[in-house]
Amino acid sequence: MSGTLNRMLEARSVAVVGASPRPGSAGDQMMRQLIAGGFGGSIAPVNPKYEDVHGHKCFPALADVPFDVDLALLGVPNAVLEEQMRAAATAEVGGVVIFASGLEDQPSDPPLLDRLRTIANDAGMAVCGGNCMGFVNFEHKLRALAFEEPEDLKLGPIAWITHSGSAFSALLHNRRGLRFNVAVSAGQELNTTATDYMTYTLERPTTEAIALYLEAVRDPEGFVAA
């Protein structure tokens, strides 16, 4: 997982699935946050409705993006989540962020979350989420978010890993001088756990402390080792 996790958290190319110029929409915020963070890599909005989103050429589908994609932000509803996960797997995307809950109105067998996990594992893709706020890698100026966060976020020495989306956003908004190098809203941890994020941040020279807000430890042995 370490190779694909690094590819996701240090992405140099990002596809924004569901990108939109509509003010206030998740598709709008995904693009705005990526640009506001100063991301210097390649950006590919993906939405068949538009030809251009925030100054970037928009593509009808992930398959049409003309470069290898390290990270895909899946800003789509549960109804088309599996379709877009399969598209990401086919495109050999390194990792995805799933903002949606992954819960179906009419539960099926196996459940959608299990199907998504299988797709990701079979493709070797890292997954942040589902049901998460995304992540920020301050060292790499990468904001993988679908929600508005402060524009003046600065690099600091704390790695922040949380299961709570509200806590994630609250600390990013803090006025106590707390600054982060990596901040992750881990969500449901489909195949990437808090332990994986801890291991990644422990390898960063900028990490002086790790802050955790956890509702469960899904990899106890690895967690203790980290």
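Here a biologist asks a modeller how some terms apply to this predicted model.

Biologist: Before we start, what are the ground rules for this model?

Modeller: Happy to help! The model is predicted, so local features need pLDDT of at least 70 and side-chain atom pairs count only at pLDDT 80 or more, while totals for chains, interfaces and linings use all residues. Residues are numbered from 1 along each chain as its sequence is written, and side-chain values use heavy atoms, with hydrogens and water left out.

Biologist: Why is Glu189 called buried?

Modeller: Buried means under 20% relative accessible area, exposed over 50% and partly exposed in between, with a 1.4 Å probe and protein chains only. Glu189 has 4% relative accessibility, so Glu189 counts as buried. Glu189 lies in the loop between E11 and helix H6 (194-202), and its phi is near 50 degrees, a positive value in a residue other than glycine.

Biologist: How do you know that E10 and E11 are paired strands?

Modeller: Strands are DSSP runs of E, at least two residues, and helices are runs of H or I, at least four, numbered from the N terminus. Two strands pair if DSSP finds at least two bridges between them. Six bridges join E10 (residues 155-162) to E11 (residues 180-185), and the two run parallel. By that definition they are a pair. Trp160 stands opposite Ala183 in E11.

Biologist: What makes E9 and E12 edge strands?

Modeller: The open sheet has five strands in the order E9-E8-E11-E10-E12, with mixed pairing. E9 (142-145) and E12 (209-213) each have a single partner strand, so one side of each is left without a neighbour in the sheet.

Biologist: What does the lining of the second largest pocket consist of, by class?

Modeller: Ala, Val, Leu, Ile, Met, Phe, Trp, Tyr, Cys and Pro count as nonpolar, Asp, Glu, Lys and Arg as charged, and the others, Gly among them, as polar. On that basis the lining has eight nonpolar, two polar and one charged residues. Phe67 is one of the nonpolar residues, and Asp68 is the charged one.

Biologist: What makes the peptide bond before Pro110 cis?

Modeller: The bond from Asp109 to Pro110 has omega near 0 degrees and is cis. Pro110 lies in the loop between strand E6 (95-98) and helix H4 (112-123). Another cis bond joins Gly129 and Gly130, with omega about 0 degrees. Gly130 sits in the loop between strand E7 (126-129) and E8.

Conventions: 1 Å grid on protein atoms, 1.4 Å probe; cavity = no way out; pocket = protein on both sides within 12 Å on 5 of 7 lines; lining within 4 Å.
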